[in-house]
Amino acid sequence: MSAMLKHFVDPKPEEIGSNPIEFLDFLGGPASILLTGEDQGRTRALVTLLHGNEPSGTMALFRWLKSGRRPAVNILCIVASVAAARALPEFSHRLLPGRRDLNRCFRPPYNDQEGELAESILRELGSHQPEAVIDIHNTSGSGPSFALATFMDQQHDALVSMFTNRLIITHLRLGALMEISEYLSPTVTIECGGREDDEAHEVAFSGLQKYFLQPDVLHTQQKDWGLEVLQNPVRLELKSDCEVVFGSRNAPPHRLVLDPNIEHLNAGITCRDTFLGWTDAKSLTEIFSSKNSRDQCVLDSLLYINDNRLLTRQDLKLFMVTTNPEIIKMDCLFYAVKSDGQEVS
């Protein structure tokens, strides 16, 4: 994977292939695509495919390019993890083996391939000075769309409302692209929904069209949906020496055996005493860690163990729940807020 972006300007519809995979073949690696707008005095940015198994943004961009339409302003499009997305089977690898998560690399040091690519993306964005940045993702499990931002104001509200009606304000600083909101441009991450869900692909394309075509994207529209705002979610992280599998209680002995249907908890309220799985651990701290924005351990506010069963302590809203063990190990099992959208304490 080259850390340097390939550059394209207004690629013709007939050049880019007949499907998203052929489009990635056309790009050949991490790429910057500049689309000339009706108003060439302003630029917006779209970033997608930071994770190779999250195709909705790439699919939406491909559909736009095939249409041959011209955006309202210049659009700088960055398609990042092309090699991971092209690895067989396509759109199934979050990252290549042995590599770092690219969306954890947007802060120094930039001392490996992913860091160099992240730095290259930041330089590209900085050189164009976009008035806004949208970063399109998918969740690993099925679930409704939502957005993430580091803070809320009218500009972030307007950007989010083109895609979804649910906004998560997070204190977490993990090296994600959206953290550039604090010094470059209003930036939001859009989680369109499950990576295999047709509805998620439509969320991405519908929002992309608005973002590309509306003369003003930084002020709330008259028909704005009104956002559900969730504050400072906590991450339920697995200890590095804890093994996890999905299955029945009769599965081979592991520290954690999770319900294989756990993804359905991505929607609505997860009520107290909801069953999540089984564990042979004697305490939560043996297998998990979770802290809120005040650096307080909140495990006992999230979960409890009863007769080797793992249960929720209170009513919660969970999101980004996944059944992918690799993602659980490298990232987390889920994010959570209280049922009223406030931070867990």
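User: Which residues does Thr43 touch, leaving out those up to four places away in sequence?

Analyst: This is a predicted model, and what follows describes that model. A contact list of this kind shows what a residue meets through folding. Thr43 touches Asn74, Leu76, His128, Pro130, Glu131 and Ala132. Thr43 itself sits in strand E3, which spans residues 39-48.

User: Is Thr43 buried or exposed?

Analyst: The test is relative accessible area, and buried means under 20%. Thr43 has 10%, so the residue counts as buried. In a regular strand, side chains alternate between the two faces of the sheet.

User: How should I read the overall dimensions, and what radius of gyration does the protein have?

Analyst: Compare the value with the one expected of a compact globule. For 345 residues that would be near 20 Å, and the protein has 20 Å, so the two agree. Along the principal axes, the C-alpha atoms fill a box of roughly 65 × 45 × 35 Å. Of the 345 residues, 54% are buried. About 14,200 Å² is exposed, with carbon and sulfur atoms supplying 48% of that area.

User: What share of the contacts joins residues 24 or more positions apart?

Analyst: Take the contacts with a separation of 6 or more; residues 24 or more positions apart account for 75% of them. As for secondary structure, the protein has eight helices and 18 strands.

User: How many residues are in the largest nonpolar core?

Analyst: A core of this kind is a set of buried nonpolar residues joined through side-chain atoms within 4.5 Å. The largest one here has 47 residues, and those with the most contacts inside it are Ile33, Leu61, Ile134, Leu159 and Phe212. Helix H6, residues 198-213, gives the most to this core, with seven residues. Apart from this core lies another, of 27 residues, including Val244, Ala281, Leu284 and Val344.

User: What does Leu159 touch, not counting residues up to four places away in sequence?

Analyst: Leu159 touches Ala132, Ile134, Pro186, Val188, Tyr211, Val217 and Leu218. One of these, Ile134, is also among the residues with the most contacts inside the largest core.

User: How many residues of the helix that holds Leu159, H5, are buried?

Analyst: An α-helix has 3.6 residues a turn, so residues three or four places apart point the same way. Burial along a helix can be read residue by residue. Helix H5, residues 154-161, is mostly covered, with six of its eight residues buried. Those in H5 are His156, Asp157, Ala158, Leu159, Val160 and Ser161. The buried residues of H5 pack against strands E5 (133-139), E6 (146-149), E7 (166-169) and E8 (187-194), and against H6.

User: Which side-chain oxygen reaches a backbone nitrogen at the start of H5?

Analyst: A side-chain oxygen of Asp153 comes to within 3.1 Å of the backbone nitrogen of Gln155.

User: In H6, is Gly207 buried or exposed?

Analyst: Gly207 has its place in helix H6. Its relative accessibility is 0%, so Gly207 counts as buried. Leaving aside neighbours within four places in sequence, Gly207 is in contact with Met162 and Phe163. Separation in sequence and distance in space are read apart: Gly207 and Cys271 are 64 residues apart in sequence and 32 Å apart, C-alpha to C-alpha.

User: Where does Pro144 lie, and why does Pro144 count as partly exposed?

Analyst: Pro144 is in the loop between E5 and E6. Partly exposed is the class between under 20% and over 50%. Pro144 belongs there because its relative accessibility is 37%. Its contacts, leaving aside neighbours within four places in sequence, are Arg166, Gly193, Asn266 and Ala267.

User: Which strands pair with E18?

Analyst: Read pairing by the number of bridges and the direction of the strands. Strand E10, residues 234-238, is joined to E18 by three bridges and the two run antiparallel. Val234 has Ala336 of E18 as its bridge partner. Strand E17, residues 316-319, also pairs with E18 in the antiparallel sense, over four bridges. There, Lys317 is the bridge partner of Val337 in E18. Strand E18, residues 334-338, is mostly covered, with four of its five residues buried.

User: How many residues lie between the strands in the hairpin of E15 and E16?

Analyst: There are two residues between the strands, and Asp307 takes a positive phi near 55° in this hairpin. Four bridges join E15 (residues 303-306) to E16 (residues 309-312), in antiparallel order. The bridge partner of Tyr304 in E16 is Leu311.

Note on methods
Residues numbered from 1 in each chain as written. Predicted model: local features only at pLDDT ≥ 70, side-chain atom pairs only at ≥ 80, totals over all residues. Heavy atoms only, no water. Buried < 20%, exposed > 50% of the residue type's maximum accessible area, 1.4 Å probe, protein only. Contact = heavy atoms within 4.5 Å. Polar contact = N/O pair within 3.5 Å; in protein donor to acceptor, adjacent residues only side chain to side chain. Pairing = 2+ DSSP bridges. Rg over C-alpha atoms; globule rule 2.2 N^0.38 Å. Areas by Shrake-Rupley, 256 points an atom, 1.4 Å probe, with all protein chains shown as cover.
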